[in-house]
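Here's a quick briefing to read with the sequence and the 3D view side by side. Take it one topic at a time and find each residue as you go.

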Amino acid sequence: RTFTITRVDVRDSGDQPVSVYLKEWPQPWKPSKTMRRVLVGMWGQDSSAYHGRRVTLWRNPDVKWSGQAVGGIEVTHASGIDKQFSVMLQVTRGQKKKFVVDPLKESAAVIEWSNKITQAADIDSLNSIGKQLASLPQSDRVALRGPDRKSTRLNSSHSQQSRMPSS
């Protein structure tokens, strides 16, 4: 699912010092150290510049923590990059993995429909939007669908600074 970043809060302490607030989700995304390194590699350390950027997030069930596959949220697509971004990052001692993020190509129509869905006040409004979307030609529905990735539930917390830690 694709989200718009509204703000990023950074703290100096804890295992999850970064909270990324998303327009389309009530709770902040708390990226892992690896995903923080991906974000910094793509967009730089000034997290205040992330406002308005968009990311497609998905739950990768193969992400490991302490040697166990517990799943984790990864970035698959991002706005603000002109070409595919890739970086080799350490995932375990002595083992690196290539992380790839593709450019997010969205039309004004995609953003407009996303805003309508986000601003829907109740289930009746969402049902109405669904009917409108269903009446679009197949080619338009495919263009609006975007990357086919699963969404996931995100965690919550708050903080104040704007420099994104990369390590």
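What follows is a short tour, from the overall layout down to single side-chain pairs.

Keep in mind that this is a predicted model. The protein chain has four helices and eight strands, and 36% of its 167 residues are buried.

**The big picture**

- Going along the sequence, the helices and strands come in the order β-β-α-β-β-β-β-β-β-α-α-α.
- Take the contacts with a separation of 6 or more: 56% of them are between residues 24 or more positions apart.
- The chain exposes about 10,100 Å², and carbon and sulfur atoms supply 47% of that.

**Strands β6, β7 and β8**

- β7 (residues 85-92) and β8 run antiparallel, joined by seven bridges. To spot this pairing, look for V87, which stands opposite F99 in β8.
- These two strands, β7 and β8, make a hairpin with two residues between them. In the turn sits G94, with a positive phi of about 80°.
- β8 (residues 95-103) also pairs with β6 (residues 72-78), but here the strands run parallel and two bridges join them. On this side, H77 stands opposite D102.
- A handy thing to know while you look: in a regular strand, side chains alternate between the two faces of the sheet.

**Helix α1**

- Is α1 mostly covered or mostly open? It's mostly covered, with eight of its eleven residues buried.
- The buried residues are T34, M35, R36, V38, L39, V40, M42 and W43.
- They pack against β1, β2, β3 (54-60), β6, β7 and β8.
- Just after the helix comes G44, which takes a positive phi of about 90°.

**Aromatic pairs**

- How many aromatic pairs turn up in a search of the whole structure? There are two.
- One is F3 with W25: the ring centres are 6.1 Å apart and the planes sit at 90°, so this pair is edge-to-face.
- F3 belongs to strand β1 (residues 2-10) and W25 to the loop between β2 (18-22) and α1 (33-43), so the pair ties together parts that are 22 residues apart in sequence.
- F3 has a relative accessibility of 2%, so it counts as buried. W25 has 18%, so it counts as buried too.
- W43 and Y50 also form an edge-to-face pair, at 5.0 Å centre to centre and with 65° between the planes. Both W43 and Y50 are buried.

**Charged side chains**

- The count of salt bridges comes to three.
- R7 and D9 form one of them, at 3.0 Å from N to O. D9 is buried at 7% relative accessibility, while R7 is partly exposed at 38%.
- R7 has another partner: it lies over the face of Y21, at 3.9 Å from the ring centre.
- R54 and E24 meet in a salt bridge at 3.3 Å. Because R54 lies in strand β3 and E24 in the loop between β2 and α1, this pair ties together parts that are 30 residues apart in sequence.
- Both ends of that bridge are covered: R54 is buried with a relative accessible area of 7%, and E24 is buried with 10%.
- E74 and K97 make a salt bridge at 3.9 Å. E74 is in strand β6 and K97 in strand β8, so the pair ties together parts that are 23 residues apart in sequence.
- E74 counts as buried at 10% relative accessibility, whereas K97 counts as partly exposed at 34%.

Terms used
Residues numbered from 1 in each chain as written. Predicted model: local features only at pLDDT ≥ 70, side-chain atom pairs only at ≥ 80, totals over all residues. Heavy atoms only, no water. Pairing = 2+ DSSP bridges. Buried < 20%, exposed > 50% of the residue type's maximum accessible area, 1.4 Å probe, protein only. Contact = heavy atoms within 4.5 Å. Areas by Shrake-Rupley, 256 points an atom, 1.4 Å probe, with all protein chains shown as cover. Phe/Tyr/Trp six-rings, centres within 6.5 Å; stacked < 30°, edge-to-face > 60°. Lys NZ or Arg CZ within 6 Å of the ring centre and 35° of its normal. Salt bridge = Lys/Arg side-chain N within 4 Å of Asp/Glu carboxyl O.
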